[in-house]
Amino acid sequence: MTQPRTNFYACDRASLEAAFVAAGFDAYRARQVMKWVYHHDLTDFAAMTNLSKAQRAWLATTYDFRLPEVAACQTSTDGTIKWGMRLPSGELVETVMIPEGKRRTLCVSSQVGCMLDCTFCATGKQGFNGNLDAGQIFSQTILANRELKARGDSGVTNVVLMGMGEPLLNFDAVITATSLMCDDLALGLAKRRVTISTAGVVPQIHRLADTTDVALAISLHAPTNAQRDSLVPLNKKYPIEDLMAACQRYVDVLGERRSITVEYTLIRGVNDALLDAKRLAKLLRPLRCKINLIPFNPFPGSGFERPSATAVRDFQTYLLNHGHSAMLRTTRGDDIDAACGQLVGRVEDRTRRQERYRARLAAEAVEHAESVSRVNTVELR
Ligand code: SAH
């Protein structure tokens, strides 16, 4: 029986080089192939003329090129584009491109649904249906670039892993995908232009600090544990003090010229009071960070409301007056449900079976993440 081929888009430079060497070829041949694929947009191995016949034959039996199918594409009045990408399982994940001046920021999904169940996020409400693999994460950038090019637009300039899912609970695939995003022989973005956003999986933030130096965003949303426990259930496992310590460590890895982003979704009557701003300013004082304020984006049945424009402005002003950088993230693409927290794809199994599955997976994933991170820490010592 013939072996199934490996998806080329799921392989970063290191793994390709290793495969070439194992097959008896020089590692630099892998780099030549990457150039063909990503710089010359060529996926026909037979046409890669600087490789030997034997190498081309080996490539053709070893690799293929698999992209998710683009099942839907909607464009907002503000230029935001949202794609629904269909996976082989039939499920849809969403990817959003937000144009802003010369920037083309792509908001990429890392999981089908999410297991963290943050109370104000539509993705969490629909349950968890699995991880994307590295190829499925990375190829969202390929598909977006193709579409942008077809529209005569410039390509993706920034990537944020702020779509569906918790990137740090799909660690290995996310690392491979971000390494392709940052590789000059693939997408070639600077590391500060690729951001991993996390709800605060503390051991995995430490592991990230040992692995890479891409940009990091933390979804904080509350200055006290009592408030955060009710918004981000993961906080009960990893309280704010532990999260802040992990952030501090990551900032140290980034070095003096870079900082991390703190995301704070403002919800009326929940975390938008001046006392909250005051506590937040104090909590973040020691941390080199930029605060991103996101007025809550409503979705049916959420039970939460967006604060008034005045409350948002007062909150921001307090932070600015107390030495913080605090940006207001304007709502983009909400006419096509592409704004933060509105991504749901089409994963709507709400049966009890799904609930139990999700709870079990959440417990397992966190345990697994911790054990992997423990192993890593031991190896590093
Ligand atoms: N799991 C990751 C990435 C996905 S969420 C994380 O938690 O960071 C991306 C951002 O959108 C997070 O900061 C999240 O808290 C925010 N968000 C989720 N739902 C939202 C909503 N309804 N309105 C505004 N922001 C929301």
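The following conversation concerns the ligand site and the main sheet of a predicted model.

Trainee: What should I know about the model before starting?
Mentor: It is predicted, so to speak of local features requires pLDDT of at least 70, side-chain atom pairs count only at pLDDT 80 or more, and totals for chains, interfaces and linings use all residues. Residues are numbered from 1 along each chain as its sequence is written, and side-chain values use heavy atoms, with hydrogens and water left out.

Trainee: How many residues surround the ligand, and which are the closest?
Mentor: The ligand is surrounded by 20 residues, each with a heavy atom within 4 Å of it. Phe120, Ser197, Ser219, His221 and Asn297 are the closest.

Trainee: What is the shell made of, by class?
Mentor: Nine residues are nonpolar, nine polar and two charged. Here Ala, Val, Leu, Ile, Met, Phe, Trp, Tyr, Cys and Pro count as nonpolar, Asp, Glu, Lys and Arg as charged, and the others, Gly among them, as polar.

Trainee: Which polar side-chain atoms lie 3.1 Å and 3.3 Å from a nitrogen atom of the ligand?
Mentor: Glu166 supplies the one at 3.1 Å, and Thr265 the one at 3.3 Å. A polar contact with the ligand is a pair of N or O atoms within 3.5 Å.

Trainee: And how much of the ligand does the protein bury?
Mentor: Taken alone, the ligand exposes 540 Å², of which the protein buries 95%; the areas come from the Shrake-Rupley method with a 1.4 Å probe.

Trainee: Turning to the sheet, what is the strand order?
Mentor: The open sheet has ten strands in the order β3-β4-β5-β6-β9-β10-β11-β12-β13-β14, with mixed pairing. Strands are DSSP runs of E, at least two residues long, numbered from the N terminus, and two of them pair if DSSP finds at least two bridges between them.

Trainee: Why is one side of β3 and of β14 left without a neighbour?
Mentor: β3 (69-75) and β14 (325-328) stand at the edges, and each has a single partner strand, so one side of each has no neighbour in the sheet.

Trainee: How many bridges join β13 to β14?
Mentor: Four, and the two strands run parallel. Asn292 stands opposite Met327 in β14.

Note on methods:
Polar contact = N/O pair within 3.5 Å; in protein donor to acceptor, adjacent residues only side chain to side chain.
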